[in-house]
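Grab a pencil and open the viewer. Below are a few short exercises, each followed by a worked solution.

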Amino acid sequence: MDLNNNYSELIDTYLTGGMSESAKVAFEEALQTDPLLQGEFQLQQGIVEGIKDFRKAELKAMLNNVEVGGAFSTFKIAAGIGALLIGGLSLYYFNADKPEPIAAMPVPTKIEEVTPTASEENLTIVAEEIAPEAEEKSEIANDKVVIAAKKSKIVSPKAKEVRAVQLPNVIEDFDEDENPQLSEQLTLPDNNLNTTHETIIAKTDVNQITDSKFSFHYQFVNNKLFLYGDFDKKYEILELNSPNGISIYMFYDGYFYGIAQQKKKITPLSKIEDTDLINDLMTIKK
Amino acid sequence: MREVVTFCLTAVFKTKAVLFMKDRVILEKIAKGDESALKYLYTKHYRMMLKLVLTNSGTEEEAKDIYQDALIVFWQKVTSGKLELTSKISTYLYSICLNLWRKELSRKSRLSYEEKDTPQYPDESRVESARIIHECVDELGGTCKKILSYYYFDKMSMQEIATKLDFANTNTAKTKKYKCKKRLDALVKGKYSASDFLD
């Protein structure tokens, strides 16, 4: 094995042209006389040729996959057209007229001090038209132009005519806390949940019947709810507004159960599985 | 809009740069083993080289073959660092193509002349050996294939191989090459005994 290894290195150096002339001559002489060296040399020569053929085939396959011929001139034409288009677009962009500045429209401004007195003449508080300055940002939204006005002033009617704007009455010293009704009115309405569940529930008379053959049933007639079974834990009756009207549910032992109104027949209580409905009921549950 | 125009202009100019690579740049790329430069050359001079063979009794298939062989010879010379180019690449390639086609033409005429006297049979044992070695090379991992290809065919130095394959240093490349070669030797020997390679 060591001999082969030594031969391999020697042969490798020879095959890759790394030998000096004198070493090459000596090697070639040894090849003639040493059959082991000869055998190993032929094997290695075959392997190296095989590697070269493999690499050559790889490069040829790569070149074979390259698009040439007609495709090249087509590419030239396409590139030329593309360049023309780009050039045209560039000319258009750089020579296009800039959009005209949008004319300032008068808008009501916030007046910091509004104190018209009876002794004064009938003054009209106006908003002066102010052209937007270059550094001011202007936005166009829904055909409205909002310009940040810099100043406003009180002018006498004898001054140049400007459009008068009626400002809303500003309540001074407004304190939100003093007007709880106002804040209530401003609160977002709940969804369809009926928080005032005194309507049916208040009128519902709940009766529990333990000594019957029914273990977990109910009957709901004329606002009377009869619960059949041993309801030893606390239960809660809930009412929910829905597009179909008011629905009644019972919460017992961690689950919600539907109560159909005017159910004369003794019916088993069935759990509510609908997660959305359960979530709604949880919000109104005490 | 401005961004779109800028992007398009940049794309066009970059494309232009690829389309018109200078010879110096091509040589630098090939010296590093960049195959994209070879592809570029192939498309650039395709028509000219094919015309050489087609106008000298060759078919398109033969012309393509000769041109690819010529390019690969050129590739080997550049990657091995043994080429000192004193002319344009196109001129040099043209001369390689011309030489290869002349050799092919004389081989064909010699073959047709010899066929008249004695039937020619391919050396099946050599063909079979080549096929088996090809199979064994194919069985090697990607890195081994690359190292051995770059070393024996492209004749790249260990430093160049280390750079191209992102090895830590030349010693790593040397060790890797040694191991890959040993593995290939074992694969081939596993399929053939040494006696099969003796006459």
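Let's warm up with chain A, where buried residues make up 26% of the 286 residues. Keep in mind that you are looking at a predicted model.

**Exercise 1. Get an overview of chain A.**
Find how many helices and strands chain A has, then look at its surface and contacts.

*Solution.*
- Step 1: Go through the secondary structure, and you get seven helices and eleven strands in chain A.
- Step 2: Turn to the outside. The accessible surface of chain A is about 20,600 Å², and carbon and sulfur atoms account for 52% of this surface.
- Step 3: Now take the contacts in chain A between residues at least 6 apart in sequence. Of these, 49% join residues at least 24 apart.

**Exercise 2. Put the strands in order.**
In what order do the four strands of the open sheet in chain A lie, and which of them are the edge strands?

*Solution.*
- Step 1: Read across the sheet in chain A: the order is β5-β7-β6-β11, with mixed pairing.
- Step 2: Look for strands that pair on one side only. Those are β5 (205–209) and β11 (263–268) of chain A, so they are the edges by the definition of a pair.
- Step 3: Check the angles too. On average, neighbouring strands of this sheet are turned by 15° against each other, ignoring direction.

**Exercise 3. Parallel or antiparallel?**
Work out whether β7 of chain A runs parallel or antiparallel to β5 and to β6.

*Solution.*
- Step 1: Start with β5(A). Five bridges pair this strand with β7(A), residues 224–229, in the parallel sense. To see one spot in the pairing, find A:V206, which stands opposite A:L225 in β7(A).
- Step 2: Move to β6(A), residues 216–221. This strand and β7(A) are antiparallel, joined by six bridges. Here A:Y218 stands opposite A:L227 in β7(A).
- Step 3: Think about the side chains as well: in a regular strand they alternate between the two faces of the sheet.

**Exercise 4. Two positive phi values.**
Where do A:N222 and B:S57 sit, and are they buried or exposed?

*Solution.*
- Step 1: Place A:N222. You'll find this residue in the loop between β6 and β7 of chain A, a hairpin with two residues between the strands. Its phi is near 50°, positive although the residue isn't glycine.
- Step 2: Apply the cut-off. Exposed means over 50% relative accessible area, so A:N222, at 58% relative accessibility, counts as exposed.
- Step 3: Repeat for B:S57, in the loop between α4 (46–54) and α5 (60–79) of chain B. This residue isn't glycine either, and its phi is near 65°. Its relative accessibility is 64%, so B:S57 counts as exposed.

**Exercise 5. Hunt for rings.**
How many aromatic pairs are there over all chains, and what does the pair of B:F74 and B:Y92 tie together?

*Solution.*
- Step 1: Count over all chains, and you reach 14 aromatic pairs.
- Step 2: Zoom in on B:F74 and B:Y92. Their rings are 5.9 Å apart centre to centre with 55° between the planes, a tilted pair.
- Step 3: B:F74 belongs to helix α5 of chain B and B:Y92 to helix α6 (residues 89–117) of chain B, so the pair ties together parts 18 residues apart in sequence. Both B:F74 and B:Y92 are buried.
- Step 4: Back in chain A, find the cluster that ring pairs make from A:F216, A:F231, A:Y252 and A:Y257. Then spot A:K271, whose charged end sits over the ring of A:Y255, 3.8 Å from the ring's centre.

Note on methods. Residues numbered from 1 in each chain as written. Chains lettered and ligands numbered in written order. Predicted model: local features only at pLDDT ≥ 70, side-chain atom pairs only at ≥ 80, totals over all residues. Heavy atoms only, no water. Axes fitted to C-alpha atoms, helices over the stretch in contact; angles between N-to-C directions. Buried < 20%, exposed > 50% of the residue type's maximum accessible area, 1.4 Å probe, protein only. Contact = heavy atoms within 4.5 Å. Areas by Shrake-Rupley, 256 points an atom, 1.4 Å probe, with all protein chains shown as cover. Phe/Tyr/Trp six-rings, centres within 6.5 Å; stacked < 30°, edge-to-face > 60°. Lys NZ or Arg CZ within 6 Å of the ring centre and 35° of its normal.
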